[in-house]
Amino acid sequence: MSDATPSSDSPGFDEMARDIAEVPAVEVIVTVAVNLMSAAAVKLGLTEDGDAHKDLDEARKLVHALAGLLDASTTEISSFHAAPLRDGLKSLQLAFREASVVPDEPGKGPGEKYTGPVFG
């Protein structure tokens with residue numbers, strides 16, 4: 001049986017809620033986007049370990065979620081934040097197309113529902 005009581009060295013819910021309350025929404029959105037990008041890069045095999053963690057099905061989900069987040073938040077974050085995230089998304093979409101044995105039709109790749117067809 002596990003003990004559901006948090007340990008004394010881990011922050012409590014109230015403390016975490018106070019911490020997150022101080023973070024601007026733009027920062028939360030950008031952080032989530034960067035985490036999605038990093039996870040997608042790992043699943044695409046773009047890290048030092050390469051093929052050890054490669055999983056195109058998982059990468060497709062992550063890239064699609066990233067595209068949806070960026071599409072939904074485009075009016076909420078400045079172009080200062082949005083432009084590099086869109087560039088990263090496009091790079092991931094191109095890497096996915098390159099890694100696929102049978103590439104998706106233009107406009108059918110991960111996230112292309114939101115971005116339109118991606119070409120190199």
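**Exercise 1.** Helix 2 and helix 4 are roughly parallel to each other; work out which angle leads to that label.

*Solution.* Start with the pair: helix 2 and helix 4 (residues 79-99) pack at an angle of about 15°, and their axes lie 11 Å apart. Next, recall the cut-offs: under 35 degrees is roughly parallel, over 145 roughly antiparallel, 65 to 115 roughly perpendicular, and the rest oblique. Helix 2 and helix 4 are therefore roughly parallel. Their crossing is left-handed.

A word on the source: this is a predicted model, where local features need pLDDT of at least 70, side-chain atom pairs count only at pLDDT 80 or more, and totals for chains, interfaces and linings use all residues. Residues are numbered from 1 along each chain as its sequence is written, and side-chain values use heavy atoms, leaving out hydrogens and water.

**Exercise 2.** Find which residues of helix 2 meet helix 4.

*Solution.* On the helix 2 side, look for V26, V30, A33, V34, M37, A40 and A41. Their partners in helix 4 are H81, L85, G88, L89 and L92 (contact means heavy atoms within 4.5 Å). Sorted by class, this contact has 10 nonpolar, 2 polar and no charged residues.

**Exercise 3.** Now describe how helix 2 packs against helix 3.

*Solution.* First, place them: helix 2 spans residues 25-43 and helix 3 residues 56-73. Then take the geometry: the angle is about 160° and the axes are 8 Å apart. So helix 2 and helix 3 are roughly antiparallel. The crossing of this pair is left-handed too. Finally, the contact of helix 2 with helix 3 counts 15 nonpolar, 1 polar and 2 charged residues.

Notes:
Axes fitted to C-alpha atoms, helices over the stretch in contact; angles between N-to-C directions. Helix = DSSP H or I, 4+ residues; strand = E, 2+ residues; numbered from the N terminus. Left-handed = near helix turned anticlockwise from the far one by under 90°. Nonpolar A, V, L, I, M, F, W, Y, C, P; charged D, E, K, R; others polar.
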